[in-house]
Amino acid sequence: YQRRVRGYLSVYEPVIAAVMENYKPHVIVLQCGADSLQGDRIGKFNLSIKGHAKCIEFLKKYALPMLILGGGGYTMKNVARCWANETAVLVNEELSNELPYNDYIQLFSPNFSLHEGEYGSEKFENLNSKAYLESLRSTLLDNIRKLGGAPSVVMAEIPNFDDEEDAEFQDEDESEPDEHDSLDSDIIPDNEYYDDEYDNDEDEEDLDR
């Protein structure tokens, strides 16, 4: 868990800090899609609920007005856990790990807890090397720098590739497909929402028909 979160935040935090510095927003609209959680039926990320909430905690430090929205998330029991936890983070409350009794409590068996026993919390291999994350962070920060920022965000020029170094970078981008793109297209997670014509949530007796 800690290694995954550190890897994600090593890109997220410096990139968001650069965005805040460049654009100097007066308000933040944050979409907290939960399809990046581990065990999601469609998303291929592997964040824990605690790791997901770290993104909100980081932005809260700027003390700006925030509008928080929902978003994706296709394993409903984890979406409910995630957004309950992040609502608590936003209002500076600490929730008990033990879930209160409610009409849907059986969906959270066998642990009936906020964090332990997250659906799909099996350990997946982290394919993001430190070198890849550093390269990704460097590229994103460079792109933000080239875009310019406040006070004339809307009027900023679109970066061009006039100089030789940038032109060479563009040519390399076009000629060499990213290794991770090809990996993503080949990997079909075990928890994919549909398996052929069947939804993998259906009972076995339904599949035999």
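Is Glu21 buried or exposed? Glu21 counts as exposed, at 54% relative accessibility. The legends below refer to a predicted model.

**Figure 1. Overview of the predicted protein, with its seven helices and four strands.** Read from the N terminus, the order of elements is α-β-α-β-α-α-α-α-β-β-α. The protein has 209 residues, and 29% of them count as buried. Its accessible surface comes to about 14,600 Å², with 52% of this belonging to carbon and sulfur atoms. Among contacts in the protein with a separation of 6 or more, 73% are between residues 24 or more positions apart.

**Figure 2. Glu21 in helix H1 and its distance to Gly149.** Helix H1 covers residues 2–23 and contains Glu21. Glu21 has a relative accessibility of 54%, and the limit for exposed is over 50%, so Glu21 falls in the exposed class. In sequence, Glu21 and Gly149 are 128 residues apart. In space, their C-alpha atoms are 8.2 Å apart.

**Figure 3. Strands E1 and E2 and the crossover between them.** Strand E1 (residues 28–31) and strand E2 (residues 66–69) pair in the parallel sense over four bridges. Leu30 has Ile68 in E2 as its bridge partner. Between the two strands the chain passes through helix H2 (residues 49–60), and this β-α-β crossover is right-handed. Side chains alternate along E1: Ile28 and Leu30 point to one face and are buried, whereas Val29 and Gln31 point to the other face and are not buried.

**Figure 4. A nonpolar surface patch formed by Val29, Leu67 and Leu69.** Together these three residues have about 270 Å² of accessible area. Val29 belongs to strand E1. With a relative accessible area of 55%, Val29 is exposed.

**Figure 5. Ser113 and His115 in the loop between H3 and H4.** The loop lies between helix H3 (76–90) and helix H4 (130–147). Ser113 has a relative accessible area of 4% and is buried. Leaving aside neighbours within four places in sequence, Ser113 is in contact with Arg81, Asn97, Leu99 and Phe108. His115 has a relative accessible area of 15%; buried means under 20%, so His115 is buried too. Not counting residues up to four places away in sequence, His115 touches Ile49, Lys50, Asn85 and Asn97. Asn97 is thus listed for Ser113 and also for His115.

**Figure 6. A salt bridge in helix H2 between Glu57 and Lys54.** The structure holds four salt bridges. In this one, the side chains of Glu57 and Lys54 meet at 3.8 Å, N to O. The two residues are three residues apart in H2, about one turn of the helix. Glu57 is partly exposed at 33% relative accessibility, and Lys54 is partly exposed with a relative accessible area of 32%.

**Figure 7. A salt-bridge network in helix H4.** Side chains of opposite charge can pair when their charged atoms come close. The side chains of Arg145 and Asp142 meet in a salt bridge of 2.4 Å, N to O. Because they are three residues apart in helix H4, about one helical turn separates Arg145 and Asp142. Asp142 also forms a salt bridge with Lys146, where the closest N and O atoms are 3.4 Å apart. Asp142 and Lys146 are four residues apart in H4, about one turn of the helix. Through shared partners, salt bridges join Asp142, Arg145 and Lys146 into one network. Arg145 is exposed, with a relative accessible area of 56%. Asp142 is partly exposed at 28%, and Lys146 is partly exposed at 27%.

Definitions and conventions
Residues numbered from 1 in each chain as written. Predicted model: local features only at pLDDT ≥ 70, side-chain atom pairs only at ≥ 80, totals over all residues. Heavy atoms only, no water. Patch = residues over 30% accessible without salt bridge, like charges linked within 9 Å, V, L, I, M, F, W, Y side chains within 5 Å. Areas by Shrake-Rupley, 256 points an atom, 1.4 Å probe, with all protein chains shown as cover. Buried < 20%, exposed > 50% of the residue type's maximum accessible area, 1.4 Å probe, protein only. Pairing = 2+ DSSP bridges. Right-handed = clockwise from strand over helix to strand, strands pointing away. Contact = heavy atoms within 4.5 Å.
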